[in-house]
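Me: I'd like a close look at one part of this model, strand by strand. Please take me through how it is put together, and tell me how far the prediction can be trusted there.

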Amino acid sequence: MSGWLHPSLFFFSAAGLIPFLHQKARPILLLGMPALAFLSLLIFPEGIYGELSLMDMSLTFGRVDRLSLVFGYIFTLITVIGMIYSLHVKRTTEHVAALLYAGSAIGAVFAGDLITLFLFWEAMAFSSAVLIFLGGNTKAGFRYLLVHLFGGVCLLAGIVLYLADGNEPTFSAFNEIGVAQILILIGFLVNAAVPPIHAWLADAYPEATVTGIVFLSAFTTKTAVYVLIRGFAGFTPLAMLGAVMTLYGVLYAMLENDIRRLLAYHIISQVGFMVAGVGIGTPLAINGAVAHAFAHILYKALLMMGMSSVLFVTGKRKATELGGLYKTMPLVFLLYMVGGLSISGFPLFSGFISKSMTISAAAEAHQVAVYLMMTIASCGTFISTTLKLPYAVFGGSAACRNASLGGGTAPAGGLSPVTGASAAKGSITVGGTATSMPGGCTAAMGIAASLCLLLGIFPGLLYQVLPYPVEYNPFTAEHLVHALQMLGLTGLVFSLALKYLHPHPVINVDTDWFYRKGGALFMRFASGPIAAYEAFVSNSYRQIVIAPMKRFVARCRKFDIFVIDGMVNQVGDEAFRGSRGANRFEKYVVYGFINWIGYMNHIGASIFRRLQTGSVHHYAMILIVGIFLLVNVYLILRKVL
Amino acid sequence: MVEVVSIKPLLIIFISLSAILPIILFDKHPNYRETASVIAGILKFLVVISMAPIIFAGQVIVFPLYTFIPGLQFSLRVDALGFLFASVASLLWIVTSFYSIGYMRGAHEKNQTRFFSCFALAISATMGVAFSANLLTLYVFYEMLSLVTVPLVGHKETAEASFGTKKYLIYLAGASKSALLAAIVLTYSIAGTLDFIPGGIFAPAFEGEEVESGLLTVIYVLFLIGFAKAAIMPLHSWLPAAMVAPTPVSALLHAVAVVKVGVFSVLRIIFHIFGVDMMETLGLGVMTLYLTSFTIIMASVYALTQDNLKARLAYSTVSQLSYIVLGAVLLSPSGMMGGIVHIAAHAFSKITLFMCAGSLYVTAHKTKISELSGIGRKMPWTMTAFAIGAFGMIGVPPLAGFVSKWYLAVGAIEANQYPVLIVLLSSTILNAAYFLPIIQKAFFNNEAEDKFKEAAQAAFLPQALGADAAHTDALHPEKEIAESSPFIVVPLMVTAIGSVLVGLFPQYFLELAKQVIQ
């Protein structure tokens with residue numbers, strides 16, 4: 001990175017160091033690093049820097065041109081202001097997340113190719129989610145993150161398809177619109193909170209920490225505006241889409257009772273002006289979109305800081321529970337009103353010089369519908385942000401009698417479940433502990449307010465950094481009359497219809513209903529049929545393998561018992577029977593024969609015993625008879641043979 | 001391809017095999033016994049890595065052992081694919097050896113000598129599979145691995161453990177004995193050889209003749225069934241059942257060694273038995289694509305419903321393993337690269353996650369996700385590593401999972417398989433949906449809040465009153481949970497950092513993957 005230092009590095013290094021620093025040393029880094037980043041942007045000239053190669057692709061981390069510089073200026077500037085506002089925060093996680101978030105947003109702005117953009121895009125989603133998680137309502141944070149991952153996935157799919165078409169990864173205006181470009185556009189539009197994929201913003205931002213919302217309202221949507229300008233300038237459907245956004249946001253803001261959610265809806269509305277500007281696509285419109293993004297970041301941060309301060313001090317977030325705070329928080333009230341007049345486009349305030357550019361561009365491009373819708377939205381913005389909300393919160397209305405500063409006497413039951421939960425956690429300091437705003441908060445609001453005024457009075461400061469040369473003069477009689485007329489009429493309507501416009505304690509259904517219910521339905525599906533299926537598969541080895549095996553074994557046993565054992569028994573039986581016969585044969589035949597021989601022997605012996613007379617004569621007699629017999633035998637045998 | 005004859009592959013198998021002797025001899029001296037494990041692990045890794053120059057030069061190492069009958073040899077061969085697998089597994093064995101010490105002592109497990117010796121045996125078998133030169137050798141080591149891991153899975157000797165072990169053995173041994181053996185015999189009868197040859201052995205066998213596609217498809221399916229260790233649905237349920245094992249086993253074997261052996265074997269079949277061309281001719285790639293896509297989505301959806309941390313991780317593993325096979329069967333260069341690189345990417349991330357689950361079990365005695373509220377503040381290192389591992393699995397850039405996801409996505413487009421792209425990306429969201437709540441609970445929910453909700457629900461009290469209950473509970477916390485011992489924390493941090501490094505510097509694995517698909 002010769003000759004250039006990536007501004008994100010300031011943020012990331014600060015984020016890495018903060019946890020290891022002493023409490024008192026942290027502000028130096030928290031403020032110093034963003035300020036240094038701001039200065040570095042002023043110093044380094046335009047050009048292409050920071051080229052790296054990853055996975056066979058060359059990445060460009062620093063494309064510095066007029067467009068990216070404007071966003072770089074305002075992003076670094078707002079980080080400084082936001083950090084001043086959150087100096088009192090003790091939790092380092094919050095600081096680290098905010099720094100990473102800001103750093104990734106700036107990284108996305110300076111990304112010269114789609115892959116680098118995607119890297120920072122994802123980092124932005126995760127780091128910003130932390131700011132919402134820390135607010136205590138983790139479910140909202142989870143929804144926020146999933147929606148952004150969906151957007152990221154669409155973006156990734158688009159990028160992969162885009163590259164597969166043989167395009168270079170360089171991020172520049174898309175010439176033709178195909179599937180890949182549409183997917184990329186969807187990814188961008190999710191972050192730009194374009195209806196109907198906008199609900200994450202109003203759902204999650206109000207749940208962020210007191211200070212986190214200041215960062216949130218600055219980066220995500222404005223990065224989206226930047227990439228839309230870069231890639232889709234002049235893509236006409238965006239003009240109508242933006243105009244619808246402006247009205248949609250205002251409409252929901254009108255109905256909203258949660259003070260920060262009301263402002264969140266106004267982000268949608270204001271981003272609508274920018275998206276419409278991108279869609280119109282003329283140099284004036286693009287200038288208008290950029291200028292409006294610049295101005296909007298400042299005054300929206302100011303407004304958010306104002307309402308966050310109210311939440312910080314009172315612990316309450318519903319307009320119907322608040323009131324009369326002008327007495328106790330006069331400075332916050334005044335500064336908030338500067339923001340309010342800015343967002344309404346009051347002459348000499350910053351909104352005037354930027355918003356009128358977009359509206360003029362619509363008129364010049366003969367987009368009558370867009371022009372009208374934006375004008376109506378401006379009136380609505382004036383009513384709800386600048387008149388209604390401060391009237392309800394700071395004004396002394398009858399509905400707010402029981403609301404008291406400090407909130408210590410407020411019944412705990414009055415807290416919404418979410419705030420109650422946060423209270424238990426101690427993340428948002430609730431009434432009773434905070435009696436006034438920390439000095440840093442007021443200072444930050446003061447800086448933002450003075451910047452709003454500065455830009456409103458000296459629009460040239462902003463105009464000279466816009467991407468296209470500006471020949472636009474906001475302070476013509478026509479513009480002034482138009483603005484004052486419109487605001488005056490709106491104010492009149494407001495004062496007449498005051499009692500109908502007062503906030504009501506209701507919760508409005510928005511498109512997040514679909515993914516909330518859809519998510520619940522999906523989980524029911526997963527833990528119902530899918531789980532049953534899985535249990536079936538998981539145990540099917542018993543039915544398929546074990547049970548047949550057992551049956552087989554049982555059959556084998558039967559075969560064994562009845563056939564083989566039977567045969568063996570048969571043989572045994574036969575053998576046994578046979579042996580009985582043998583026994584008898586032995587007993588009667590063999591033994592009988594032996595006995596008989598013995599008996600005969602006995603008889604013979606007794607006969608011979610008688611023959612032994614002891615007389616020589618007898619012996620000689622027998623001898624002679626014997627010889628005689630032998631001779632006869634001999635003679636007979638000789639004759640025969 | 002130049003072949004270098006070297007005894008190193010045999011040596012690698014023998015190092016851990018011979019470590020068993022000192023392990024058993026030092027039964028009564030645990031410190032010496034574990035030292036033997038660690039030394040063997042380091043030695044083994046060094047020998048593996050010493051082969052790197054030869055492999056990266058595009059050469060292979062062979063070491064023939066002996067011939068059964070002519071044509072059937074028992075021999076070892078190291079190529080890029082085997083080397084990649086072996087280097088990952090042997091590196092992670094060192095880490096797991098340290099981790100096992102912390103875990104087994106921390107959890108007061110019995111029969112540690114049996115555990116450590118079986119572990120060494122299992123690693124030997126894994127290396128054997130990685131270095132097999134042919135199907136026969138692979139089969140022998142594959143079966144050996146199934147058998148020596150049985151005592152590890154059933155280590156606790158409880159009824160549950162024995163049930164899990166039974167299922168494990170029935171699935172793995174049953175599949176390999178029935179389908180795999182049949183497939184190998186059929187392969188031999190057709191091709192006349194079982195060697196792993198780049199481009200496959202079937203293509204030369206049918207040179208000039210018509211390919212018997214029916215028979216080959218049957219063989220392929222038999223292989224897929226036979227390698228049940230790859231846990232492709234519906235043959236996956238042994239893996240959740242095997243989670244009864246002590247966590248080091250789940251970490252190294254059921255996230256790296258055993259399951260990767262299954263996947264590795266399937267890759268061998270695809271690349272070196274059938275060959276990419278033959279796969280394309282037979283249309284087997286597309287068939288497997290649908291099977292693996294189904295597995296990826298189904299397992300992820302089911303993981304969503306699991307409250308047991310290890311069960312959720314197991315189903316996540318089932319899903320992630322199919323990424324690897326899916327990449328291979330895309331049959332496009334980037335897809336195959338993605339699949340191969342995912343072997344490493346998944347290994348580093350998933351082993352981290354399992355080690356974290358073990359750390360939570362040993363130190364905090366928690367196994368369920370619903371009990372993890374606020375644990376991140378008490379065990380910051382464990383849960384940080386867990387977050388890194390989970391981000392790796394989701395594929396958040398610049399972690400390891402992103403590299404493989406990128407290549408898989410590009411590969412899907414190269415292969416004109418757009419549905420696969422949708423599967424991959426919806427799986428990303430599903431991964432996020434089942435991993436992020438854990439991180440969110442651990443770091444951003446707190447216990448008091450959970451109790452507060454429970455109390456409010458249980459007593460049907462208004463939440464305001466429930467808050468008091470929460471306060472009293474918060475005032476009297478249970479025994480303080482602190483971070484696990486360094487033996488547990490250091491290894492899991494090392495693998496977490498490893499998964500970051502694989503993501504930042506994937507060149508090593510990409511280079512090897514390129515050689516495989518050449």
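Reply: Let's start with a hairpin: strand E2 (residues 60-69) of chain B runs antiparallel to E3(B), and seven bridges join them. Strands here are DSSP E runs of at least two residues, and helices H or I runs of at least four, numbered from the N terminus; a pair takes at least two DSSP bridges. Everything I describe comes from a predicted model, where local features need pLDDT of at least 70 and side-chain atom pairs count only at 80 or more, while totals for chains, interfaces and linings use all residues. Residues are numbered from 1 along each chain as its sequence is written, with chains lettered from A and ligands numbered from 1 in the order written.

Now for the register. B:Phe63 has B:Leu76 of E3(B) as its bridge partner. B:Ile69 stands opposite B:Leu72, again in E3(B). Two residues sit between the strands of this hairpin, and B:Gly71 takes a positive phi near 95° there.

Zoom out a little and you find an open sheet of three strands in chain B, ordered E1-E2-E3, with mixed pairing. E1 (3-5) and E3 (72-78) of chain B are the edge strands, each with a single partner, so each has one side left without a neighbour in the sheet. On average, neighbouring strands of the sheet are turned by 40° against each other, ignoring direction. Helix H1 (residues 8-25) of chain B packs on this sheet, where E2 and E3 of chain B are the strands touched, and H1(B) points about 80° away from the direction of E2(B). Touching means C-beta atoms, placed from the backbone, within 7 Å, and angles (0 to 180 degrees) compare N-to-C directions of lines fitted to C-alpha atoms, for helices over the stretch in contact.

As for trust, I can give you chain B as a whole. Its mean pLDDT (the predictor's confidence in each residue, from 0 to 100) is 84, and 93% of the residues of chain B reach 70 or more. Among the chain B elements, helix H14 (residues 309-330) has the highest mean, 90, and helix H21 (residues 463-475) the lowest, 44. Over residues 460-477 of chain B pLDDT stays under 50, and the model has 27 contacts beyond four places in sequence for that stretch. The scores for the model are ipTM 0.79 and pTM 0.80.

How values were computed: Two residues are in contact if their C-beta atoms, placed from the backbone, lie within 7 Å.
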